Amino acid sequence: MSLASCSTLDFPSSRIKRRGIMADISVDTATQSNYSDIRTDHVAFDWVVDFDAKLLSGSATHSMIVKRSGVKDIVFDTDNLQISAVSVDRKPAEYKLDVKHPIMGSALHVSLPGGRDQGATVLVEITYETATENSALQWLDKEQTQGKQHPYLFSQCQPIYARALAPLQDTPANKITYSASVSATLPVLLSARRVSPDVHGPPHDGKAIGKDIVAYKYTQPVPIPSYLIAIAVGNVRYRPFSVPDGKDWTSGIWAEPESVEAAHWEFKEATTQYLAEEEKVVAPYQFGVYDLLVLPPSFPYGGMENACLSFLTPTLITGDRTLVNVVVHELTHSWFGNGITHANPSHFWLNEGWTTYMERLLRQLSDGPAARGFAYVIGAKSLDNALQQSAKHPKYQRLVIPFGEGEDPEGAYSRVPYEKGANFILYLERTLGGIDAFLPYIKDYFTTFKGKSITTAQWKDHLYAYWTAHGGPDKVDALDSVDWDAWLHGEGIHLPVKMEYDESLAQAAYDLAQRWDNARNAVENKIYFKESDLDSFDSNQIIVFLEKLQSYPPLPPSLIHLLGSIYKLADTHNAEVRLRYYQIALSDTTSSAANDFALTVTKWVIGDDGSGIIKGRMKFCRPMFKAVAAINKDLAISQWNKAKDQFHPVAKKLIDKDLGITPLK
Ligand code: BES
Ligand code: ZN
């Protein structure tokens, strides 16, 4: 149905006025839904995946509960959805789709004539389809997959794109259960538990892959925020991990058949080991299934903690298990993020700061304090960069960000919530007596708020309450000594407190960087360096070495070339290492080295280097295009335009902005 043929209704303006002009960090400024008047409790999706038309069609049926008596309309978030029918309690209902807000999308108003009383239940069924242009979904042609035989579809809903998948109250403030039936010609994965066909049965229920339609049924019985809804459809296979005895959950990995064995090897030790460790430290795993899915190269993140099914970039499959920390991070979200959820984008740090802190705490518990210190050292450099890059938007340097109405949370995305957040919790751990004293508090924090969506104020109130009850006056004094305002609301490029880390694992990397810095004055450089300098380093130590080198003045071009050739950094398959090397090569925009590398770097990112594999993870493509643009903007833009259709919609949107192709909002 077209917009013009939708019925028009008068809607009370009370909802619009519920928020003041000033930033109010207790409400979600990125949703138009009236979730405090009426809330979805459960939603049932019924979808058909059409790879030819590149769209999803079907329905979303909301079971809702009235929270404010007299509510006369329900407002859902939508983005580029074609709505064809709406029913309320199984009877046709009036509805209206607002003009699209550039960030928040179109509000869908559904009329509840006569209003409803608090506690009443309402069933709302919305029939719709998606458009080809979709901010949550990427439709890949078969050439863009590893097997090159079948197309592929995947979603990325965090932070505010679930509304492009279905009409929803797209806010983390509300948690919902969901069920789904999805029909497709390829295997379907959702962020939920599979009901049928059996995961352990033949692929695609024994039907012809790519041809026959199979209806996949799923259920998510644990309430989750909308941004954890996820779908992937493609020619994927499953390999289970072995799970310790006595567990009531399963775990395994999904990937295209060509890489499922390598992917299985990369993560089979870490995944179940850390899940079990996290259970000991926090609480039992509650989602029943913890699977990993390795996506095609355009997946824009390192990992995404979709419920029951973390999505991963294929660049983690290095063959040496050095990037498993991303899996540890994503599985940790099962407690911090998916269990306790930030109530709105202002409190995103509760998800990422806590998860980063926990990820590193687990590292210390299994590998010792040096391993944790080393992770903080790597993080410190990324925090430094992020704080400096936010100089023009100092409010994004804050832990708790006061967003304005309709402001894009994506614009604030950086390492700040992760690293400032993790350092803040580490600082509190040290202030309150160290790990042993802190562990019982972590358990208590989780069990208190599990299943809830909370703000920073609620977290802090509990922190005080816990230590008042369990620690006595000393601990409360310790908490009173914390500069809360500086940590939570402070701007600037430094942490409120200078943090010390165990640097023992970083030292050798620092020493080697120092030698390269000294070599700029030497006559014959080659004699100082040999390939074996890196023999004792794993790839994370190589990263620390290269990052340390970035903190010195740029090396002369001859040394940059030598660095790349002698250690084979210029052709390593480890994208994390290659990124750091290219950052060094491009750092002095006026040097000949920068010019020498500019084209090579763009080719690496767009897969025009013989690999045919784009670097779709935004951690790689965004800084590389930015760095090349600083050297040769025309080159950056022409290379980007050549390849951008292969990238995910969110990467397209952000790199278009980075390069000035579309204006920054
Ligand atoms: N939840 C995030 C990814 C995310 C955040 C997507 C906000 C969209 C909006 C995920 O858990 C994450 O933090 N991924 C990191 C992994 C890293 C910190 C180990 C990434 O992708 O770099
Ligand atoms: Zn995360």
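Glutamate 352 has 2% relative accessibility and therefore counts as buried, that is, under 20% relative accessible area with a 1.4 Å probe and protein chains only. Histidine 333, at 0%, is buried as well. The model is predicted, so local features need pLDDT of at least 70 and side-chain atom pairs pLDDT 80 or more, while totals for chains, interfaces and linings use all residues. Side-chain values use heavy atoms, without hydrogens and water.

Both residues belong to the zinc site. His329 (NE2), His333 (NE2) and Glu352 (OE, listed twice) coordinate the zinc ion (ligand 2) at 1.9 to 2.7 Å; donors are N, O and S atoms within 2.8 Å of the metal (3.2 Å for Na, K and Ca). The donor residues follow the spacing H-x3-H-x18-E. Because histidine 333 sits in the loop between helix H3 (325–332) and strand S21 (341–342), and glutamate 352 in helix H4 (residues 348–367), the pair ties together parts 19 residues apart in sequence. Helices (H or I, at least four residues) and strands (E, at least two) are DSSP runs.

Ligand 1 is surrounded by 18 residues, of which Gln158, Gly302, Glu305, Glu330 and Tyr418 come nearest; a residue is counted if one of its heavy atoms lies within 4 Å. Some polar contacts (pairs of N or O atoms within 3.5 Å) are tabulated.

| Residue, atom | Ligand 1 atom | Distance |
|---|---|---|
| Glutamine 158, polar side-chain atom | nitrogen | 2.8 Å |
| Glycine 302, backbone N or O | oxygen | 2.6 Å |
| Tyrosine 418, side-chain N or O | oxygen | 2.6 Å |

Taken alone, ligand 1 exposes 520 Å², and the protein buries 94% of that (Shrake-Rupley method, 1.4 Å probe). H3 gives the most to the shell around ligand 1, with 3 residues.

How values were computed:
Residues are numbered from 1 along each chain as its sequence is written. Chains are lettered from A and ligands numbered from 1 in the order in which they are written. Buried means under 20% relative accessible area, exposed over 50%, partly exposed in between (1.4 Å probe, protein chains only). A polar contact is a pair of N or O atoms within 3.5 Å; within protein, one must be able to donate a hydrogen and the other to accept it, and residues adjacent in sequence count only if both atoms are side-chain atoms.
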